[in-house]
Each structure stands twice: as structure tokens, then as C-alpha cells.
Amino acid sequence: MLMAHPAVLQNLIEQYDVLRLLHAEEGSPEVQRRMDDIAYSLCVATGTRDIDAALIAARHRLPGARPQDDSLLPT
């Protein structure tokens, strides 16, 4: 499996987090589509099928992530 560069993953995570904080899922169709596109890109880049798993996998591939660190799991 090809692995996405950490800079690409970081950028996708940041874009997704910003859109989520702005409640993009309730926004215009264009904004919703952008959020869906980013979620899809994260899933493809991490080899996962849902955004929660993709975010966890992407964060674990970033520099400084600890393999046993579960602090990235949503509460």
C-alpha cells in the first residue's frame, strides 16, 4: 500500500478539523461536498473506510505520534 506523506496527512487533517469546527456538514452543498472530499481523501490515504478510523490512522502516521498513544481516540 502506498503511504501518504505526513505533510499531506497533516494538511488533510487540518482542513477536516476546520470544516468540522465550522459545522460544514450543515452548510451549503458545496461546503458539504468539500468536507466529503477531504474525508474520502483521508480514507484513501490511510486505507480505511470511515472518517473516524482515517483520522486516527493519519494522526498515528504523523511525526511524534507514539504507537501506543490512545489520546487521539475521540471521547
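Student: What phi does Gly 47 take just after helix 2?
Tutor: This is a predicted model, in which local features need pLDDT of at least 70, side-chain atom pairs count only at pLDDT 80 or more, and totals for chains, interfaces and linings use all residues. Residues are numbered from 1 along each chain as its sequence is written, and side-chain values use heavy atoms, leaving out hydrogens and water. Just after helix 2 (helices being DSSP runs of H or I of at least four residues, numbered from the N terminus), Gly 47 has a positive phi of about 70°.

Student: How far apart are the end C-alpha atoms of helix 2?
Tutor: The expected span is 1.5 Å times one less than the number of residues. For the 18 residues of helix 2 this rule gives 26 Å, and the model agrees, because the end C-alpha atoms lie apart by 26 Å.

Student: Which helices are among what covers the buried residues of helix 2?
Tutor: Buried (under 20% relative accessible area with a 1.4 Å probe, protein chains only) describes Met 35, Ile 38, Ala 39, Leu 42, Cys 43, Ala 45 and Thr 46 in helix 2. What covers these residues, by contact of heavy atoms within 4.5 Å, includes helix 1 and helix 3.

Student: Is helix 1 oblique or parallel to helix 3?
Tutor: The axes, lines fitted to C-alpha atoms over the stretch in contact, with angles from 0 to 180 degrees between N-to-C directions, come within 10 Å and cross at roughly 135°. Angles under 35 degrees count as roughly parallel, over 145 as roughly antiparallel, 65 to 115 as roughly perpendicular and the rest as oblique, so helix 1 is, relative to helix 3, oblique.

Notes
Helices (H or I, at least four residues) and strands (E, at least two) are DSSP runs, numbered from the N terminus. Buried means under 20% relative accessible area, exposed over 50%, partly exposed in between (1.4 Å probe, protein chains only).
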